[in-house]
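Biologist: I'd like a close look at one part of this model, the kind of walk-through where you stay with a single element and its neighbours before moving outwards. Could you pick one and take me through it?

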Amino acid sequence: MRRRPVAKIEIDNGSGFCFGVTTAISKAEEELERTGVLYCLGDIVHNAGEVERLRKKGLITVDHDEFAQLHDVKVLLRAHGEPPSTYETARRNGIEIIDATCPVVLQLQKRIKNAYSRSASPDRSVGNAPLIIIYGKPGHAEVNGLVGQTKGSAVVIQDKADLDNLDLDRDIWLYSQTTKSIEGFQDIVAEIKSRKTKGSFQWFDTICRQVANRMPRMRDFAAGHDVILFVSGAKSSNGRVLYAQCKEVNPKTYLITDETELDPTWIKGASSIGICGATSTPRWLMQKVAEACAEDQANDTEE
């Protein structure tokens, strides 16, 4: 028996937690080290493996209904941010907030809140107030927090078809969820421009460059390997965007949540295997995928 040449296995150095997620997890670990228990409003990160790791340390994940029933405890707000109503509930229930809202998201919340205040000024009637549009995923935690800055009046769109139901002759102010693609945002801007016949249109590119700049780098990474294993939680919208980028340049790109989903036939015969992930993918998880690949390679023999 002759052992098949072992493939080069590389983990993308640019993949993994972004600054906001890293900060949130650090704050959680610091508090858990001190007290052994901490509540978190929603999954601290869209990765089941990392959520489970922190659960074992004492992190208790609650939804908004459960949060409203808590009193006199500490609750971490994750990087995605929250609407003003969450802070009001905390104040009312004596909840101490550990605020890990990403600075980029926090700045965007302030911009949209200020824009809403200007649009709702007394000298504007309801009919001529600018329409605030947010390009993002409906129901996403960050988007909910942004809409909350407008008392629910902002409209969320995720593609050009959503524009069909809007009065585009109104003045329009367009913002974006921080983790959306620049190309997608530019497409929405171009579409609104092409449809408008009157009224003003202002757009604000509020996409996080730390996230957006990963896309061209990840495309280069994907193009440089025979096979790409993209590691991401099922809930990660950022993961779906980055996975699509990899798949576009390398058809042999496979989406997995952890090493147990690795199909050995995907990497059989490959001379180079690239492993990358979303802003919510922990480094330790990509490392476990790399180890699984190495084990499969070691077991792969031929006559």
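Modeller: Happy to. For scale, 49% of the 303 residues in the protein chain are buried (under 20% relative accessible area with a 1.4 Å probe, protein chains only; exposed is over 50%, partly exposed in between). This is a predicted model, where local features need pLDDT of at least 70 and side-chain atom pairs pLDDT 80 or more, while totals for chains, interfaces and linings use all residues. Numbering starts from 1 along each chain as its sequence is written, and side-chain values use heavy atoms, with hydrogens and water left out.

The protein chain has 12 helices and 14 strands (DSSP runs numbered from the N terminus: H or I of at least four residues, E of at least two). Along the principal axes, its C-alpha atoms fill a box of roughly 85 × 55 × 25 Å.

My pick is strand S9, residues 172-176, which is mostly covered, with 5 of its 5 residues buried. Look at how its side chains alternate: Ile172, Leu174 and Ser176 point one way, while Trp173 and Tyr175 point the other way, and all are buried.

Now for the neighbours of S9. Strand S7, residues 131-135, runs parallel to S9 and is joined to it by 5 bridges (pairing takes at least two DSSP bridges). If you want a spot to click on, Tyr135 stands opposite Ser176 in S9. S9 also pairs with strand S10, residues 201-203, again in the parallel sense, this time over 3 bridges. There, Trp173 has Gln202 in S10 as its bridge partner.

How does the chain get from S9 to S10? Helix H7, residues 182-195, belongs with these two strands in a right-handed β-α-β unit (strands pointing away from the viewer, the path from the first strand over the helix to the second runs clockwise).

Further along, you can look at another crossover with this handedness. Strand S11, residues 227-231, and strand S12, residues 253-256, pair in the parallel sense over 4 bridges, and Leu229 has Tyr254 in S12 as its bridge partner. Between S11 and S12 the chain passes through H10, and that β-α-β crossover is right-handed too.

Moving out to the loops, two residues have backbone angles worth a glance. Asp72 is not a glycine, yet has a positive phi of about 55°. You'll find Asp72 in the loop between helix H3 (64-67) and strand S5 (74-77). With 64% relative accessibility, Asp72 counts as exposed. Lys151 is another non-glycine residue with a positive phi of about 55°, and Lys151 sits in the loop between helix H6 (141-148) and strand S8 (155-157). Lys151 is exposed as well, at a relative accessible area of 72%.

Since you may be thinking about your gel buffers, a word on cysteines. The count comes to 0 disulfides (a pair of cysteine sulfur atoms within 2.5 Å). Take Cys40, which is in no disulfide: the nearest cysteine sulfur, in Cys18, is 14 Å away. Cys40 counts as buried, at 0% relative accessibility. For Cys293, the closest cysteine sulfur belongs to Cys276, and at 12 Å that is too far for a bond. Cys293 also has 0% relative accessibility, so it counts as buried.
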